[in-house]
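Please open the model in your viewer and keep the sequence panel beside it. The tour below goes from stop to stop, saying what to select and what is there.

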Amino acid sequence: MSQKKTSQGQVIFVGAGPGDPELITLKGARAIEGADRVIYAGSLVNPELLGMCRPGVPCHDSAHLTLEEVVALMLEGTNNGETVVRLHTGDPSMYGAIKEQFEYLDKQEIPYSVIPGVSSVFAAAAAVKREFTLPDISQTLILTRLAGRTPVPEREALSKLAQHQASMAIFLSVQDMGTVVKELLDGGYPASTPIAVIAKASWPDEEILLGTLETIVEKVKGAGIRKQAQILVGDFLDPAKGYARSKLYDPTFTHEYRQGTDK
């Protein structure tokens, strides 16, 4: 156990990545290795990451804690001069409920910083080996979720976002796949639009389902997937009409580092 310190401590919010412990950043790993206390986001954080802690460092599972209990642990640690690591799944800025923690720390004048992590949305794209931004297909990626116990502003309803026909990644919604598909269809995506559901992206038990808006509901039901899944939708998954070659590596395209050739 580390010795009690007298100077004011700090809190470091660390993105744990999507699941594979090797997908944490080097900076995030160093923060865990130097931590005097870790507060981690339950089963969503791979327990192998906690093995990076020094022996005897207390690790608190926040799955059963309230905000008040979490920040009380932070205050206890920083009052002892500790470096407290708050370990969030994926990247803390996506559905991490970090703003309310920041406000508490600001009021207490406790210093804190954030180390970003690899989001599950990018682990999902890697799993299916796809690029969200294909020329002539889509140059926009929408990250969103279906309204549930946590509401979504009406202007951000899935059906309204679907009107853009952009590449889309939908978090925290696989438990209501039928509604997801209905909203996407209502927004204008054709029933033939390709869609992928990636459960536990980058974990050893990762599962990938590929289909269309017409077929995916039954596939998800058959697989029994109810949580921890990314939904990716858009023509980028299967550009039936082809896509344009990137200009960046086109021999006829001139840019700052290369003079293009004539056709």
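Begin by selecting S7, which is partly exposed, with a relative accessible area of 47%. Bear in mind throughout that what you are looking at is a predicted model. S7 belongs to the segment that comes before strand 1 (10-15). With S7 still highlighted, add N79 to the selection: the two are 72 residues apart in sequence, yet their C-alpha atoms lie 7.8 Å apart in space.

**The largest pocket**

Next, display the largest pocket, whose volume is about 1400 Å³. Its lining is made up of 46 residues, and those that lie nearest its centre are L44, T89, M94, Y95 and L172. To see which elements give two or more residues to this lining, colour helix 2 (67-79), strand 4 (83-88), helix 3 (99-107), strand 6 (141-145) and strand 10. If you then colour the lining by class, you will find 20 nonpolar, 18 polar and eight charged residues. Where does the largest pocket lie with respect to domain 1 (10-115) and domain 2 (120-237)? Because both domains give residues to its lining, the largest pocket lies between them.

Stay for a moment with L172, one of the residues nearest the centre of the pocket, and locate it in the loop between strand 7 and helix 6. L172 has a positive phi of about 50°, although it is not a glycine. L172 counts as partly exposed, since its relative accessible area is 43%.

**Another positive phi**

Now move to K129, in the loop between helix 4 (120-128) and strand 6. K129 is not a glycine either, and it has a positive phi of about 55°. Is K129 buried or exposed? With a relative accessibility of 70%, K129 counts as exposed.

**Strand 8 and its partners**

Select residues 194-199, which form strand 8, and note that six of its six residues are buried. P194, A196 and I198 point one way from the strand, whereas I195, V197 and A199 point the other way, and all of them are buried. Add strand 9 (residues 207-212), which runs antiparallel to strand 8 and is joined to it by six bridges; within this pairing, A199 has E207 as its bridge partner. Then add strand 10 (residues 229-233), which is also antiparallel to strand 8 and is joined to it by five bridges; here the bridge partner of V197 is I231.

**The largest nonpolar core**

Keep V197 selected, for it also belongs to the largest nonpolar core, which has 25 residues and in which M168, M177, L184 and V197 touch the most other members. The elements giving two or more residues to this core are helix 5 (158-162), strand 7 (167-171), helix 6 (177-186), strand 8, helix 7 (216-223) and strand 10. Which element gives the largest share of this core? The answer is helix 6, with four residues.

**A last stop at S192**

Finally, select S192, which you will find in the loop between helix 6 and strand 8. S192 is exposed, with a relative accessible area of 56%, whereas the residues of strand 8 that you selected earlier are buried. Add T215 to close the tour: S192 and T215 are 23 residues apart along the chain, and their C-alpha atoms are separated by 8.9 Å.

Note on methods:
Residues are numbered from 1 along each chain as its sequence is written. This is a predicted model: local features need pLDDT of at least 70, side-chain atom pairs count only at pLDDT 80 or more; totals for chains, interfaces and linings use all residues. Side-chain values use heavy atoms; hydrogens and water are left out. Buried means under 20% relative accessible area, exposed over 50%, partly exposed in between (1.4 Å probe, protein chains only). Two strands pair if DSSP finds at least two bridges between them. On a 1 Å grid over the protein atoms alone, a cavity is a set of points where a 1.4 Å probe fits but cannot get out, and a pocket is an open set with protein on both sides within 12 Å along at least five of seven lines; lining residues have an atom within 4 Å of a point. Grid points are joined across faces, edges and corners, and a volume is the space filled by probe spheres set on the points. Ala, Val, Leu, Ile, Met, Phe, Trp, Tyr, Cys and Pro count as nonpolar, Asp, Glu, Lys and Arg as charged, and the others, Gly among them, as polar. Domain bounds come from an automatic or database domain assignment. A nonpolar core is a set of buried Ala, Val, Leu, Ile, Met, Phe, Trp, Tyr and Cys residues joined through side-chain atoms within 4.5 Å.
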